[in-house]
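Open the model in a viewer and keep the sequence panel visible. The stops below say what to select and what is there.

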Amino acid sequence: LDFPVTALPCQSRTPPWFHEQRSGLLFSSTSTASSGRLISSVAKIKGWPCQQDGSSQNDKGIRSGLDLPEDIFWYIHALMPLRDAARAACVSHAFLQSWRCYPYLIFSKEVLGLEENAFREAEITRDLISKVDHILQRHSGIGVKKLKLDFLSATNVDSSSIDSWLHRAVTPGIEELTLKLPLDSNAEYSFPCSLLSNRNANSIRDLQLSFCAIRSTVDLGCLRTLTTLYLYSVRITGSELECLLSNSLSLEWLTMVGCKEIVWLKIPCLLKRLHSLRVNECKMLKVIESYAPNLSTICFSGHVVQMLGSLQVKTLKMSCFHQCNILRYAGTKLLCIVPNVEELRISSRAEIVNTPIVPGKFLCLKRLHISLGGNAFSPTYDYISLVSFLDASPSLETFVLIISQDRMKHASVFGDSAQLRQMPEHRHDTLKKFKIYGFCSAKSLVDLTCHILETTSSLKRVKLDTSYGYARCYASGRCYPYYTEQIMEARNAVLAVETYIMGKVPPTVKFNLVQPCSRCRALVP
């Protein structure tokens, strides 16, 4: 109890007996600001005077004056933030006993108050290890619901210490386990899968592992309660992961980030509850094969991979920053992979080619978001080619286009003498919301905007944001540092809207034009 900690919120489920005795307690189930006020308020419930002259008197008064079962003191203690829980244990034997079974063990340099000290990294790591050892050696290991070991910013944490902590605190009844090892550890520590066998496996709901390895998955028990699995820079092969998943029949959320040994991700049909899959920057990944019948959301970031299996995906988010043909892939391949998708989000920062004609129909697609940035903007890219996506989406209700560029590379509508293109045969009469962030004076973008306004009778809202997506100037009062060229282009974009677009907006449409704030515009004469 002799270490500085900051307040830490706790969570706990209300036991059945709490509701039975609550009417006689006059006690709120939210954490108090300090243990002293909590003990005082509990002590006064039945007229017991709050004694401050010794922990034994306090304990005797609390236990006899309230005549409450030991469990309720443990419950009150679990509701306290860690700092208040430690203080309460200093003044009461009842709370001291429950401190040895405190359920929420969350360790990081921030929680233990080490970040404010101007120590070198090695000293911080040494101090952090010492304090975790000090606390866990005095903990009984009973009643732990949540264990979080956050050593991301530490250095040289000994494997034997990690093993000792895990075996001490990972006991039957644990529900959440988070292990974040140092960034420079090269994932050399092998997580002991035998910890999650037998009785321990029956309660774990949330497992998060970072910068370690998972090898002996055959030692795993049946993780029948596991609903959330998060793996960040974890060394695990496809077969080892398949074994882990096959033992997690209640899994609902699966997240994998930077797991470099995965080549083929196979999700078995046994995972009937799995509904969300997130895969980011797994560089060796080539194939995602899923037979999970209720998988409805996939968020993917990295190089385009082959998708196999039975996919009933409703929401697909793809960020392929280095894939030059992502729009072509979406227009030609996705239709047969996710035919029932309702929300599609595509992001790319690589140079793109014009969107091809989509060979079929996304019959269920209602929301389409396309984000282009970085090197995506070839001067020859024709924004109006995006109409092929609209044509292929007869149920589309929302279309959002996000453009992130430092300078406009396309031919301006003011420098091109050609008339605006019209395609009256292409109608989009289900579209209700249309937004462009980073709107510029590119002629093909003006063509696209005018086309949608002229061929969509169902429109209700249109938003054109010329501020390069930095409209936060208005909210924070602090301006984004624009380049002079960006301010000039924003002016041209506003002028293009006023000249070519405003007159085509139907009176029933709510139109919103966003531009840099007056302070930003005043920077350029």
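The tour goes from the whole chain to single residues.

**Before selecting anything**

This is a predicted model, in which local features need pLDDT of at least 70 and side-chain atom pairs count only at pLDDT 80 or more, while totals for chains, interfaces and linings use all residues. Residues are numbered from 1 along each chain as its sequence is written, and side-chain values use heavy atoms, with hydrogens and water left out.

**Whole chain**

Colour by secondary structure: the protein has 16 helices and 18 strands. Helices (H or I, at least four residues) and strands (E, at least two) are DSSP runs, numbered from the N terminus. Of the 525 residues, 51% are buried. Buried means under 20% relative accessible area, exposed over 50%, and partly exposed in between, with a 1.4 Å probe and protein chains only. Among contacts (heavy atoms within 4.5 Å) between residues at least 6 apart in sequence, 65% join residues at least 24 apart.

**The nonpolar core**

Select Leu-166, Phe-399 and Leu-401. Of the 138 residues in the largest nonpolar core, these three touch the most other members. A nonpolar core is a set of buried Ala, Val, Leu, Ile, Met, Phe, Trp, Tyr and Cys residues joined through side-chain atoms within 4.5 Å. This core takes at least three residues from each of domain 1 (70-102) and domain 2 (331-524); the domain bounds come from an automatic or database domain assignment. In soluble globular proteins, nonpolar side chains tend to be buried together.

Stay on Phe-399 and show its surroundings. Apart from neighbours within four places in sequence, Phe-399 is in contact with Leu-368, Ile-370, Leu-386, Leu-390, Leu-431, Lys-433, Phe-434, Lys-435 and Ile-452.

**Aromatic pairs**

How many aromatic pairs does a search of the whole structure find? There are 7. Rings of Phe, Tyr and Trp (its six-membered ring) pair if their centres lie within 6.5 Å; planes under 30 degrees apart count as stacked, over 60 as edge-to-face and the rest as tilted.

Select Phe-151 and Trp-165. Their ring centres are 5.3 Å apart and their planes are at 10°, so this pair is stacked. The pair links distant parts of the chain, 14 residues apart: Phe-151 is in the loop between strand 2 (146-150) and helix 8 (159-169), and Trp-165 is in helix 8. Both residues are buried.

Now select Phe-211 and Tyr-232. Here the ring centres are 5.5 Å apart with planes at 55°, so the pair is tilted. Phe-211 lies in the loop between strand 4 (206-210) and strand 5 (228-232), and Tyr-232 lies in strand 5, 21 residues apart. Phe-211 is buried at 12% relative accessibility, whereas Tyr-232 is partly exposed at 32%. Add Tyr-230 to the selection: ring pairs link Phe-211, Tyr-230 and Tyr-232 into a cluster.

**Two positive phi values**

Most residues other than glycine have a negative phi, and most peptide bonds are trans. Phe-211 has a positive phi, near 55°. Go next to Glu-281, whose phi is also positive, at about 50°, although it is not a glycine. Glu-281 is in the loop between strand 8 (276-280) and strand 9 (287-290) and is partly exposed, with a relative accessible area of 34%.

**Helix 9 and the loop before it**

Select residues 238-246, which form helix 9. Which residues of helix 9 are buried? They are Glu-240, Leu-241, Leu-244 and Leu-245. These cover an arc of only 135° around the axis, and so sit on the same side of helix 9; the arc is that of the directions from the helix axis to the C-beta atoms. They pack against strand 5, strand 6 (253-257) and strand 7 (264-267).

Step back to Arg-235, in the loop between strand 5 and helix 9. Arg-235 is partly exposed, at 33% relative accessibility. Its C-alpha atom is 8.1 Å from that of Arg-215, 20 residues apart along the chain. Contacts of Arg-235 beyond four places in sequence include Glu-188, Cys-212, Arg-215 and Glu-261.

**Thr-155 and two cysteines**

Thr-155 is in the loop between strand 2 and helix 8 and is buried at 14% relative accessibility. Not counting residues up to four places away in sequence, Thr-155 touches Glu-121, Ala-122, Thr-125, Pro-182 and Asp-184.

Finish with Cys-101, buried at 12%, and Cys-336, exposed at 65%. A search of the whole structure finds 0 disulfides (a disulfide being a pair of cysteine sulfur atoms within 2.5 Å).
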